[in-house]
Amino acid sequence: MSNPTLLDLNSVVQHPGSSEEFRLQCPLALENRDIFLAAPAEVHLKVESTGKMLLLRGSAVIDCTVPCSRCTNNVPIKLDIEIDEEYGISGTPSSYGIGGFATIDSDEPFEIFKGNSLILSNLLYEELMVQLPHQSLCSGSWDIPCNTPEEKFLHLDTGEDSLLKGNTD
Ligand SMILES: [Zn+2]
């Protein structure tokens, strides 16, 4: 079974100076998170090898919902994520014709590569976690009450609310 989110970058890795461009839609693995994708991420990615480094540059539009920081209602947000990453390359590229084979180094705690293939959904997930706003409110502002029936957040309408307000920057 082929995985549509696995991008084979071997040809770029073995040919320093070459690049490849991808435009595709990619689902994201979001298990155990309160984030839901409204649609697959729209990804534009350019992959380039300098011989020693693999450069990933591009962007992804992620249309998702996250829980409201006050009432946990789903809040739709659309994020334009920037991708700008570099990874080391070890070994001699096979295009040099001396029997070598170059591989991508990845010391990420989260698995981003499988051999010389990029696990795009994992890269996007990591970028999303970094670039996701810390707080999202269904009303759009701490000054405007949530769009939920009152009883759902009555227990928050105490000192806790002003405590949270001090934290908004
Ligand atoms: Zn809310």
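Guide: Helices (H or I, at least four residues) and strands (E, at least two) are DSSP runs, numbered from the N terminus. Residues are numbered from 1 along each chain as its sequence is written. This is a predicted model: local features need pLDDT of at least 70, side-chain atom pairs count only at pLDDT 80 or more, and totals for chains, interfaces and linings use all residues.

Visitor: In which helix is confidence lowest?
Guide: pLDDT is the predictor's confidence in each residue, from 0 to 100. The protein averages 85, and 84% of the residues score at least 70. Confidence is highest in helix 1 (residues 10-14), at 98, and lowest, at a mean of 49, in helix 3 (residues 159-165).

Visitor: How should coordinates be read where pLDDT is low?
Guide: Caution applies there. Where pLDDT is low, predicted coordinates should not be read in detail.

Visitor: How many bridges join strand 5 to strand 6?
Guide: Two strands pair if DSSP finds at least two bridges between them. Strand 5 (residues 53-67) and strand 6 (residues 74-90) run antiparallel. One partnership sets Leu 56 against Glu 85 in strand 6. The bridges joining these strands number 15.

Visitor: Which residue in the turn between strand 5 and strand 6 has a positive phi?
Guide: The two strands form a hairpin, with six residues between them. In that turn, the residue with a positive phi of about 65° is Thr 72.

Visitor: In strand 7, what is the bridge partner of Ile 89?
Guide: Strand 6 also meets strand 7 (residues 103-104), antiparallel, through two bridges. There, Ile 89 has as its partner Ile 104.

Visitor: How many bridges pair strand 2 with strand 4?
Guide: Strand 2 (residues 19-26) runs antiparallel to strand 4. Within strand 4, Lys 46 is the bridge partner of Glu 21. The bridges between these two strands number eight.

Visitor: Which residues make up the covered face of strand 4?
Guide: In a regular strand the side chains alternate between the two faces of the sheet. Strand 4 has an uncovered face of Glu 42, His 44, Lys 46 and Glu 48. Its covered face holds Ala 41, Val 43, Leu 45, Val 47 and Ser 49.

Visitor: Which residues touch the most other members of the largest nonpolar core?
Guide: A nonpolar core is a set of buried Ala, Val, Leu, Ile, Met, Phe, Trp, Tyr and Cys residues joined through C-beta atoms within 7 Å. This one has 28 residues. Helix 1, strand 4 (41-49), strand 5, strand 6 and helix 2 each give two or more. Touching the most other members are Val 13, Ala 41, Leu 120 and Leu 124.

Visitor: Is Ala 29 buried or exposed?
Guide: A residue is buried if 20 or more other C-beta atoms lie within 10 Å of its own, exposed if 12 or fewer, and partly exposed in between, with C-beta atoms placed from the backbone. Ala 29 lies in the loop between strand 2 and strand 3 (36-37). Because Ala 29 has 12 C-beta neighbours inside 10 Å, it counts as exposed.

Visitor: Beyond four places in sequence, which residues is Ala 29 in contact with?
Guide: Two residues are in contact if their C-beta atoms, placed from the backbone, lie within 7 Å. Ala 29 and Ser 121 are 92 residues apart in sequence, yet 6.4 Å apart in space, C-alpha to C-alpha. Leaving aside neighbours within four places, the contacts of Ala 29 are Ser 121, Asn 122 and Tyr 125.
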